[in-house]
Amino acid sequence: MKLYYYPVCSTCKKALKWLDGNEIKYEKENIVDANLTRKEIENIYKKSKLDIKKFFNTNGNVYKQLDLKNKLESMNESEKLELLASSGMLLKRPILVMGNKVIVGFKEDEYKEKLL
């Protein structure tokens, strides 16, 4: 199990605290330092079965600077994947990858349901 996180992200800190508190073993990797490739992001996205828009950090500065709120709708999946691979700061976090399961963001109920 691998958790992609950003060290100063409060939601990531909650996820880490929850995992540690429930004694769940995981590897963690800074989502910016990981420099995930387009292919890696595509694999995670496909496993998740989520809408690709769920992978965008809509509260982040990069998202706002690129005016993605107004641009994403006109982009195809391939363009969105390339964009996500261009900056770890565009990825919503944390992303927890467990084999063929993926959880994007942190909601305690979802973690309980899928991990306990």
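# Notebook: pocket, sheet and aromatic pairs

**Entry 1, the pocket.** I began with the lining of the largest pocket and found that its largest share, three residues, comes from strand 4. I note at once that I am working with a predicted model, and I read what follows with that in mind. Strand 4 is joined by helix 6 (108-115) in this respect, since each of them supplies at least two residues of the lining. In total 20 residues line this pocket, and those nearest its centre are Lys54, Lys92, Arg93, Val104 and Gly105. For the space in the largest pocket I wrote down about 390 Å³.

**Entry 2, the sheet.** Having met strand 4 in the pocket, I next looked up the sheet to which it belongs. In what order do the four strands of the open sheet lie? I read the order as 2-1-3-4, with mixed pairing. Strand 2 (27-30) and strand 4 (101-104) stand at the edges and have a single partner strand each, so one side of each is left without a neighbour in the sheet. On average, neighbouring strands of this sheet are turned by 15 degrees against each other, if direction is ignored.

**Entry 3, strand 3 and its partners.** I then followed strand 3 (residues 95-98), which pairs with strand 4 in the antiparallel sense over four bridges. Going through residues of strand 3, I found that Ile95 has Val104 of strand 4 as its bridge partner, and that Val97 has Val102 of strand 4. Val104 had already appeared in my pocket entry, among the residues that lie nearest the centre of the largest pocket. The two strands form a hairpin with two residues between them, and Gly99 in the turn has a positive phi of about 60 degrees. Strand 1 (residues 2-5) is joined to strand 3 by three bridges, and these two strands also run antiparallel. Here Lys2 is the residue that stands opposite Val97 in strand 3.

I also asked about the two faces of strand 3: which residues cover them, and on which side? In a regular strand the side chains alternate between the two faces of the sheet. In strand 3, Ile95 and Val97 lie on one side and Leu96 and Met98 on the other, and all of them are buried, which leaves both faces covered.

**Entry 4, just before strand 3.** Moving back along the chain, I came to a cis peptide bond that joins Arg93 and Pro94, with omega at about -5 degrees. Pro94 lies in the loop between helix 5 (77-86) and strand 3. Arg93, for its part, is one of the residues nearest the centre of the largest pocket.

**Entry 5, aromatic pairs.** A pair of aromatic rings is described by the distance of the centres and the angle of the planes. I counted four aromatic pairs with centres within 6.5 Å. Why is the pair of Tyr45 and Phe55 edge-to-face? The ring centres are 6.0 Å apart and the planes stand at 90 degrees, so with a cut-off of over 60 degrees the pair is edge-to-face. The pair links distant parts of the chain, ten residues apart, with Tyr45 in helix 2 (residues 38-48) and Phe55 in the loop between helix 2 and helix 3 (61-65). Both Tyr45 and Phe55 are buried. Elsewhere I noted one aromatic cluster, formed by Trp18, Phe106 and Tyr111.

**Entry 6, Ser48 and Lys49.** Is Ser48 buried or exposed? With a relative accessible area of 11%, Ser48 falls under the 20% cut-off and is therefore buried. Ser48 belongs to helix 2, and, leaving aside residues up to four places away in sequence, Ser48 touches Phe55 and Val102. I recall that Val102 is the bridge partner of Val97. Lys49 is placed in the loop between helix 2 and helix 3, and this residue is exposed at a relative accessible area of 76%. The phi of Lys49 is near 60 degrees, a positive value in a residue other than glycine.

**Entry 7, Glu23.** I found another positive phi at Glu23, near 55 degrees and again in a residue other than glycine. Glu23 sits in the loop between helix 1 (10-21) and strand 2, and at 73% relative accessibility Glu23 counts as exposed.

**Entry 8, Lys69.** Last I looked up Lys69, which has its place in helix 4 (residues 68-71) and is exposed, with a relative accessible area of 68%. From C-alpha to C-alpha, Lys69 and Thr37 are 23 Å apart in space, and they are 32 residues apart in sequence.

Key: Residues numbered from 1 in each chain as written. Predicted model: local features only at pLDDT ≥ 70, side-chain atom pairs only at ≥ 80, totals over all residues. Heavy atoms only, no water. Phe/Tyr/Trp six-rings, centres within 6.5 Å; stacked < 30°, edge-to-face > 60°. Buried < 20%, exposed > 50% of the residue type's maximum accessible area, 1.4 Å probe, protein only. Contact = heavy atoms within 4.5 Å. Pairing = 2+ DSSP bridges. Axes fitted to C-alpha atoms, helices over the stretch in contact; angles between N-to-C directions. 1 Å grid on protein atoms, 1.4 Å probe; cavity = no way out; pocket = protein on both sides within 12 Å on 5 of 7 lines; lining within 4 Å. Points joined across faces, edges and corners; volume = space filled by probe spheres on them.
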